Amino acid sequence: MITPNSLHLNLKISAMLGTVIFTIIFVYLIIYTRRYQTYEETIIGQENLNTLHSIDSSLSTMIASADDYSKMILADSVVQQQMQTGDILADFDRQQTLMKRIYSVMQFSEFIDMIWLTDQQGQKLIIGNSASIFTEQGQMADSYERLKKPYGTPELIVEEGETRNSLMLIRSFNSLEQFSSLGLIGVQLNHEKLDELISKSADFSSEQIAIINVKNEIIYQGGRQDLPKDILTAAHEINASETKIIRKERMNGKEYFLLGIVNRESGWKIIRYTPVAGSADASILVKFNIFLITVIGLLIFGGAAAISNMLTSPIQQLLRHMKKVENGQLEKIAEQTLLSEFKALFHGYNGLVDEIHRLIQETIERQKRIRIVEMNEIQEQMKPHFLYNALDCVEALAMLGDTDRVCKLIESLGGFYKKCVSGGREYLSIHDEIHMVSDYMEILKIRFEERFRYDIELDPSCKDYKIPKLTIQPLVENSFQHGIRPKRGPGYILVRVQKEQEYVHIMVADNGKGISDETICELINPHSNTQTKSLGLRGTIQRLKLIYETAFCYEIKNRKLAEVHFYIDSKVLGESLWRN
């Protein structure tokens with residue numbers, strides 16, 4: 001059953017869990033979206049850097065190829081002989097042979113646009129890719145004299161043109177015999193092939209790309225030319241980073257990636273501006289992830305609500321039982337829960353309830369024992385009075401010289417007190433109790449001669465049942481003291497014990513003065529403090545109530561005889577000594 005309090009607790013816990021879950025989901029989505037954007041930008045930037053490295057590798061391959069072809073020409077014997085003359089234009093036939101040998105080498109490479117040679121006089125022989133041949137004299141001057149060194153390394157030179165710059169690899173033409181410089185050899189790279197090579201990795205319609213050497217000369221530039229950023233400024237920035245540059249810049253209302261790398265061997269830099277384009281697939285992926293996380297969040301919230309109910313229900317159940325404890329109701333909890341921790345908690349609570357019940361029962365039993373002891377003390381207090389009276393009677397009879405009655409009185413008195421002591425036992429058989437009653441009434445008959453008579457009727461089926469010691473005797477004493485003795489004339493006392501269904505019925509009746517209504521009310525009322533009359537009867541009733549509780553009941557009647565009836569359930573008596 002769901003109570004308003006438990007529902008309120010469920011809602012509070014569910015609300016707290018929901019707030020935590022959806023806050024985590026919201027923060028996760030923000031972090032995920034930003035992180036994914038950063039990741040995507042990094043991936044795109046890395047891909048662009050890879051493109052630059054690919055361009056750098058292709059350019060290095062072109063230059064290395066050009067260098068290899070220049071070495072092939074330098075190693076050719078015909079070209080060596082012609083260059084050793086110092087005048088490559090002196091002999092026309094040798095000049096033609098030289099041109100054919102150089103042209104034949106050029107045909108193996110699509111990246112070479114032109115090869116030229118200069119001799120020691122500065123004369124220049126140019127062989128073009130289209131089989132064009134030019135000769136120039138005195139044009140080289142001293143521009144590349146610094147390259148005429150034995151074992152010199154080639155140098156990539158940028159020559160400015162009217163429409164575009166030319167990229168040329170120049171090296172010293174050394175003699176293979178004397179290891180001295182005979183002139184220069186230059187290999188000009190094909191610009192169209194370079195455009196074609198770079199365009200495979202870049203979109204010239206939306207990007208700008210440039211290659212700059214160590215002197216900050218533009219080796220190559222292609223793509224859009226309307227971007228406001230200065231490509232040389234970007235080249236200076238990459239000098240500071242020394243390895244690479246990758247960042248976003250906003251130009252003309254659009255975002256661009258600025259990327260750059262440095263070739264450590266040649267020192268040139270490749271700079272690229274490329275627009276940042278969002279991926280439709282990435283957007284779909286982000287939206288799907290947001291949807292998926294939201295669904296998962298709802299499922300988690302549903303599961304959390306179920307777990308909340310699983311947790312709060314046992315707690316509410318425990319709280320309800322604890323409130324009952326405040327009202328004096330000790331009830332166990334049914335250990336019906338899926339969680340072993342709550343089962344252990346309920347088991348502990350039930351154990352506590354059992355322990356409280358045990359302690360309460362022990363307290364009740366202790367109080368009962370205390371009360372029984374008090375009743376026994378009252379009973380014991382009555383014995384001395386009876387003993388004093390009996391001894392007075394013995395003294396009187398002895399003075400009269402009635403030895404027979406003295407002996408009989410002492411014998412009855414001894415039998416009575418022997419049963420009273422009973423070896424320290426608290427319970428006697430009904431047979432022994434009746435025998436003690438018989439001794440008591442014999443003593444009374446000796447003391448009061450023929451003033452009363454008595455009868456005792458004992459059902460044989462009841463004689464072995466155990467009852468508390470001095471249960472019947474106080475009833476007989478009460479009948480004599482308050483019924484027979486105040487009456488004038490002979491009296492009569494009847495004691496009867498018999499089995500009635502499941503009960504042992506004890507009755508003591510007398511024809512004495514009778515029991516007043518006031519005395520009966522006092523006996524029936526458990527809260528009465530008046531104990532001046534019928535002390536033995538009251539004490540015996542209270543004593544049996546404490547011992548047998550609901551298994552004992554009694555009845556008092558004023559008929560022809562005043563009757564006191566005790567009924568004790570035989571199941572609590574047994575047929576043998578059950579408690580001692």
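Author: In this predicted model, Leu470 has its place in the loop between β14 (466–468) and α10 (473–484), and Leu470 has a positive phi of about 60° although it is not a glycine.

Reader: What makes Leu470 count as buried or exposed?

Author: The relative accessible area of Leu470 is 4%, and buried means under 20%, so Leu470 is called buried.

Reader: Why is Glu549, in the loop between α12 (535–548) and β17 (552–558), called partly exposed?

Author: Glu549 has a relative accessible area of 42%, and since buried means under 20% and exposed over 50%, with partly exposed in between, the value for Glu549 therefore falls in the partly exposed range.

Reader: Why is the aromatic pair of Phe552 and Tyr554 called stacked?

Author: By the rule used here, the count comes to 2 aromatic pairs. In the pair of Phe552 and Tyr554 the rings are 6.2 Å apart, centre to centre, with 20° between the planes; centres within 6.5 Å make a pair and planes under 30 degrees apart count as stacked, so both conditions are met.

Reader: What makes the aromatic pair of Phe552 and Phe566 edge-to-face?

Author: Here the centres are 5.3 Å apart and the planes stand at 80°, and because planes over 60 degrees apart count as edge-to-face, the pair takes that name. Phe552 lies in strand β17 and Phe566 in strand β18 (residues 562–569), so this pair ties together parts that are 14 residues apart in sequence.

Notes. Residues numbered from 1 in each chain as written. Predicted model: local features only at pLDDT ≥ 70, side-chain atom pairs only at ≥ 80, totals over all residues. Heavy atoms only, no water. Helix = DSSP H or I, 4+ residues; strand = E, 2+ residues; numbered from the N terminus. Buried < 20%, exposed > 50% of the residue type's maximum accessible area, 1.4 Å probe, protein only. Phe/Tyr/Trp six-rings, centres within 6.5 Å; stacked < 30°, edge-to-face > 60°.
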